[in-house]
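Welcome! Take a moment to look over the chain before we walk through how its parts fit together.

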Amino acid sequence: MPEVLEGDLMTRDAKIALVVSRFNDFITSRLLDAAVDCYSRHGGDAGQLTVAHVPGSMELPVAAMKLAKTRKPDAVVCLGCVIRGQTSHYDHVASEAAHGIARVGIETGVPTIFGVITADTLEQAIERAGSKQGNQGAKAMLAAIEMVNLLKTI
Ligand code: INI
C-alpha cells in the first residue's frame, strides 16, 4: 500500500493571514466575507485571522511576502478581482499577481493561495463571488486549510 499524504479540512485554529485588494471592492468584500465564514464553519476562531488591505491585485504579493516572513502565519490567502473589460492592464495585473503569489509560497514555504478572480466581464466575476459558480474566497480558504494540514504530514 502506498503512503498517502493529505490534509483534512479542520482548521485546528491555524493562523491564517488574508490580503485583500480594494480594487473591485464590490467583489473582493464578498470574497473576504466568504473566506472568514468558511474558516468559522470549519471550526476556526476568527480571532486567529489577520486581514491586510492593499490597493489592487498587483500589490497582493508584496504584502503577502511581508506577512509570511514577519507574522509567520500557517498560510496566506490572497483575494482580488481582475476584470478584462476595465483596462488593457488586465493581462499584466493578472499575470504579475499570479506569478508573485506563487513566488511567495515557494520562497517562504508558507502556503500562499491565489484567490484572485480573473474574469472577462463583471457578470462572470459576480458568478464567482457568491452566485452560480460558488465563491472564490471560500474556495481559497479551503485550499489554505488543506495545505496547512498537508504540510504538517510531510
Ligand atoms: N487591480 C485589480 O485588482 N483589478 C483590476 O482589474 C485592475 N485593473 O483592471 O486595472 C487593477 N489595477 C490596479 C493594480 O492592481 C494596482 O493597484 C495599480 O496598478 C497600482 O500599482
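**A covered strand and its sheet**

Let's begin with strand β1 (residues 16-21), which is mostly covered: six of its six residues are buried, meaning under 20% relative accessible area with a 1.4 Å probe and protein chains only. Ile16, Leu18 and Val20 are buried on one side, and Ala17, Val19 and Ser21 on the other, leaving both faces of β1 covered. Keep in mind that this is a predicted model, in which local features need pLDDT of at least 70, side-chain atom pairs count only at pLDDT 80 or more, and totals for chains, interfaces and linings use all residues. Residues are numbered from 1 along each chain as its sequence is written, and side-chain values use heavy atoms, without hydrogens and water.

Now step sideways. β1 is joined by six bridges to strand β2 (residues 49-54), and the two run parallel; here valine 20 stands opposite histidine 53 in β2. Both belong to an open sheet of four strands in the order β2-β1-β3-β4, with parallel pairing (strands pair if DSSP finds at least two bridges between them). At the edges, β2 and β4 (112-119) each pair on one side only. Strand β3 (residues 75-83) pairs with β4 over eight bridges in the parallel sense, and valine 82 has threonine 118 in β4 as its bridge partner.

What about the helices? The axes of α1 (residues 25-41) and α5 (residues 136-153), lines fitted to C-alpha atoms over the stretch in contact, come within 7 Å and cross at roughly 40°, on a scale from 0 to 180 degrees between N-to-C directions.

Note on methods. Buried < 20%, exposed > 50% of the residue type's maximum accessible area, 1.4 Å probe, protein only.
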